[in-house]
Amino acid sequence: MPFLKKLTDLLYTNSNVFLTGGAGTGKTTLTREIIEHYHSNSKKVAKLASTGMAATLLSGQTLHSFLDLGIADSIEDLERQGKLEIKKKVKKLIASMDLIIIDEISMVSAPLFEMIRLRLLQSAFKGSLLVVGDFLQLPPVVRGYREIFFAFEAESWQRFDFTTITLAINHRSDDRDFVKVLDKVRFGEVGDDEHYYLHQLIKPLGKDLSQYTYLYGKNLSASRHNQEQLAFINSDESLYKAQTILHNKQSSDKEIERFMNDARIDKELRLKVGAPVLFTRNAWNYFNGERGVIVRLEKASIYVQKSEGIVVKLEQASMAKTEWKERTVEGNKEMVEESKFTIYQFPIALAFAITIHKSQGMSIEDLIIETTEIFAPSQFYVALSRATSPHRLTLKQPQTNWCNLAFVNEKALQFTQEGECNE
């Protein structure tokens, strides 16, 4: 609550805020509290991110969609595509917002950040900007082997004059030694002590792999492992198809399919009694990444037993794709957020394996990290930080030294260290 008041006090005075901190420190939880606070005061919030997956976690939109950037990746590209001038309806939409939130700011490139400021200037945006994320996590996606330029390298970053708020307490794990090692890995500082600690996490595995969740870097590896392990379970397979309700007939099959992929919704769920699953949403009786075992399958319900013996009855959960439309409300024209379509599916996934990317926001127990599929800066840190305890974490023997796995982008490292020193 103190952080919520501090943040809202800043945002209400039109200050721009950079909310940061390591994995598991509560950035997403606090962001959701801010959204709820604004909504309860009848204020409009744009919930944005550079990728579809990050956007769906906040029930928001991508930056390119909301700001009408097409497929441009720079202002020059925007001009080439004839989209430099802002459309009237986009200008009106942006100007109507009280707060614009950009989540996973580490994945926003400098050229994209310049386009963001351009659109806000074109719209005479008078609200506040809240950017959320950790530059020592996943970096911007670039084509080929081009150099990465982060949002903080854009001239516009200085123009926004952000007030930085850093969350420091890890809520995902209460193991002090593990949290210390995590922090060292986050900054790419793997010395002898960290090397020894990580090496102790290489443990022998039993023959029954169903009790573990493998964390892979590649989709194909995770999919193959799930299929192989499901085949070992000697019970009938049930198929659950996602249901789609259209609220806007202009929604295309391609758009729906992309949204389902971004929102981690399986078009078809193939399940068996006895199969371990991960919950993929948060609710009052389960959390995102919590593990359970299917004990009963019915047409409209699935029963999942959690580790403490409690059985949760699941029904299909809804996930909606929204868009902003101008509507007449009590005689006045206003921008209103409406659903384009809603997808219904059970909020679970097979727990045998998941990718590092799709594990975003999860806290996973009984985790095995396939270290041979670590290939991007900070990816090892993101993988490690999914774990809730070192006692329920196993690392596969890497093909290189730990310090080579725990590499970070030097520019991101310097920016983050300077930011923490200046607070």
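## The loop at S42

In this predicted model, S42 sits in the loop that links helix 2 (27-40) to strand 2. The phi angle of S42 is near 55 degrees, a positive value in a residue other than glycine. Most residues other than glycine have a negative phi. S42 has a relative accessibility of 67% and therefore counts as exposed, the cut-off for that class being over 50%.

## The loop at S59

A second serine with a positive phi is S59, where the angle is about 55 degrees although the residue is not a glycine. S59 belongs to the loop between helix 3 (52-57) and strand 3 (61-62). Its relative accessibility is 39%, so S59 counts as partly exposed; this class covers the range between the 20% limit for buried residues and the 50% limit for exposed ones.

## Overall dimensions

The protein contains 15 helices and 20 strands. Its radius of gyration is 22 Å, which agrees with the value near 22 Å that a compact globule of 423 residues would have. Along the principal axes, the C-alpha atoms fill a box of roughly 65 × 55 × 45 Å.

Of the 423 residues, 54% count as buried. The accessible surface comes to about 21000 Å², and carbon and sulfur atoms account for 49% of that surface. Among contacts between residues at least 6 apart in sequence, 74% join residues at least 24 apart.

## Nonpolar cores

The largest nonpolar core has 44 residues, and the members that touch the most other members are I100, I105, F113 and W157. Two or more residues of this core come from each of the following elements: strand 2 (45-49), helix 4 (63-66), helix 6 (88-95), strand 4 (99-103), helix 7 (110-122), strand 5 (128-132), helix 8 (155-160) and helix 15 (410-422). Helix 7 gives the largest share of the core, with 7 residues.

With neighbours within four places in sequence left aside, W157 is in contact with F18, I105, F113, V131, F135, A151, F152, F162 and F415. I105 and F113 thus appear both in this list of contacts and among the residues that touch the most other core members. A second core, separate from the one above, holds 32 residues, including A23, L138, F178 and M362.

## The sheet of strands 9, 16 and 15

Three strands make an open sheet in the order 9-16-15, and the pairing is antiparallel. The edges are taken by strand 9 (243-246) and strand 15 (317-329); each has a single partner strand, so one side of each is left without a neighbour in the sheet. On average, and with direction ignored, neighbouring strands of this sheet are turned by 20 degrees against each other.

Strand 15 pairs with strand 16 (residues 332-345) in the antiparallel sense over 13 bridges. One of the bridge partners in strand 16 is E334, which is matched with R327. Helix 12 (residues 253-262) lies across strand 9, strand 15 and strand 16, and runs at about 75 degrees to strand 16.

## The sheet of strands 14, 13, 12, 11 and 17

A further open sheet is formed by 5 strands in the order 14-13-12-11-17, with antiparallel pairing. Its edge strands, strand 14 (311-314) and strand 17 (348-350), each pair on one side only. Neighbouring strands here are turned by 40 degrees against each other on average, direction ignored.

Within this sheet, strand 11 (residues 276-279) and strand 12 (residues 291-297) pair in the antiparallel sense over 3 bridges. The bridge partner of P276 in strand 12 is V293.

## The surroundings of Q211

Q211 is located in the loop between helix 10 (192-199) and strand 7 (213-216). With a relative accessibility of 40%, Q211 counts as partly exposed.

Leaving aside its neighbours within four places in sequence, Q211 is in contact with R291 and D366. The C-alpha atoms of Q211 and E365 are separated by 9.7 Å, while the two residues are 154 residues apart along the chain.

Notes
Residues are numbered from 1 along each chain as its sequence is written. This is a predicted model: local features need pLDDT of at least 70, side-chain atom pairs count only at pLDDT 80 or more; totals for chains, interfaces and linings use all residues. Side-chain values use heavy atoms; hydrogens and water are left out. A nonpolar core is a set of buried Ala, Val, Leu, Ile, Met, Phe, Trp, Tyr and Cys residues joined through side-chain atoms within 4.5 Å. Buried means under 20% relative accessible area, exposed over 50%, partly exposed in between (1.4 Å probe, protein chains only). Helices (H or I, at least four residues) and strands (E, at least two) are DSSP runs, numbered from the N terminus. Contact means heavy atoms within 4.5 Å. Two strands pair if DSSP finds at least two bridges between them. Axes are lines fitted to C-alpha atoms, for helices over the stretch in contact, and angles run from 0 to 180 degrees between N-to-C directions. The radius of gyration is taken over C-alpha atoms; the globule rule is 2.2 Å times the number of residues to the power 0.38. Accessible areas come from the Shrake-Rupley method with a 1.4 Å probe; for residues, only the protein chains shown count as cover.
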